[in-house]
Every structure is written in structure tokens, then in C-alpha cells.
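Colleague: Got a minute to walk me through this one? I'd like to start with the strands.

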Amino acid sequence: MKKRLISIILVLFMSIALIPFGIFSASAAKSGKIGNCTWRLEGTILTISGNGSMGEHLKSRPWGDKITEVIVDEGVTSICSSAFYMCKSLRKITLPSTLLIIEDYAFWGCENLESITIPDGVTNIGNSAFDSCQKLTNIYIPKSVVSISDSCFRDCGRLGSIVV
């Protein structure tokens, strides 16, 4: 009886050991609302939709930090402060022609972002918006931009091309 009980306990422990640890970890939400916008996460691709601003400073990212691509749909007018702060896996972003403002720290620490085209119509790029985007090699800034704040491209050592 004792050997049988030990065998059952061993089988239970071995079964638990085979369960992936990810099953117990908290995962990012799949959709929600932020400011005047909504967002939807499909795998590692984040889509932001709506009409107007994403809101003010984002203290936490409900979609998590493992996103690899962001698509901001037409109608969205601002990327809020710290929206993609430290999203180290972010490689690609598509911005709409309706975008007017990229706020402070919006893409700070997105170390795998290689290039970005800021659409015509954007007027302001906030403080440290692209700070520490270490793989950023080129950026297009339209003539509509009238204000680029301090440290916007600090610690972007590979930035070789800024087209205005």
C-alpha cells in the first residue's frame, strides 16, 4: 500500500512538472478601451482604432510588452505618453494620416524598432519619444512637424538617416 501511494504521488509530481509554466502566468488582455480609442491584440499584433486621442499618460500597458507590430488605424489623433514604453520586441509600426501628436516617451526603449515614417499632419513629437530605440536606423519627419522636444532621439546610436 505504501509503495502504491508513493507511486501515485510520483506520477502526480511528474505530471505537474510537464505542464508549461506559461499556463500559470498572467497574460495580457486581448482587447479594451484607452481614451477615445479601442485596442485589440491578436497574437503579438496590436491594432488601435477610434476617433481622437488615446488619452493621457499610460501608466501600464494593458496589452503587455511582447508586441511585435502596432497598427494605428485612421481616426486616431495622438499616441499617448508611454504608450509603447519598453516594448522591446516592437519591430514595426503603422501610423495613420490622422495622427497629430506623438507624446512624451511614446516609443522609449523600443530597442528593436528599426525605422518609422511619421505621417504628414503630425505637428508635435514629445520629449524622449524615441529615446533608446537602439536599432532605429532611419526616420522620416514631415514638414508639418513644428516641435521636436528634448532628447527625442537620444541613445539612438544607429540612426543614420533623418529625412525631413
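Colleague: In what sense do strand β10 (residues 124-125) and β12 pair?

Modeller: They pair in the parallel sense, over 2 bridges. Asn 124 stands opposite Ser 147 in β12. Strands here are DSSP runs of E, at least two residues, numbered from the N terminus. Two strands pair if DSSP finds at least two bridges between them.

Colleague: What am I looking at, by the way?

Modeller: This is a predicted model: local features need pLDDT of at least 70, side-chain atom pairs need 80 or more, and totals for chains, interfaces and linings use all residues. Residues are numbered from 1 along each chain as its sequence is written, and side-chain values use heavy atoms, without hydrogens and water.

Colleague: Which strands are at the edges of the β4-β6-β8-β10-β12 sheet?

Modeller: That open sheet has 5 strands, with parallel pairing. Its edge strands are β4 (52-53) and β12 (147-148), and each pairs on one side only.

Colleague: And what does Ile 71 stand opposite in β7?

Modeller: Thr 94. Thr 47 also stands opposite Ile 71. Strand β5 (residues 69-72) runs parallel to β3 (residues 45-50), joined by 4 bridges. Another 3 bridges join β5 to β7 (residues 92-94), also parallel.

Colleague: New topic. How many residues are in the largest nonpolar core?

Modeller: There are 41. Such a core is a set of buried Ala, Val, Leu, Ile, Met, Phe, Trp, Tyr and Cys residues joined through side-chain atoms within 4.5 Å. Buried means under 20% relative accessible area, with a 1.4 Å probe and protein chains only. The largest share, 3 residues, comes from β2.

Notes. Buried means under 20% relative accessible area, exposed over 50%, partly exposed in between (1.4 Å probe, protein chains only).
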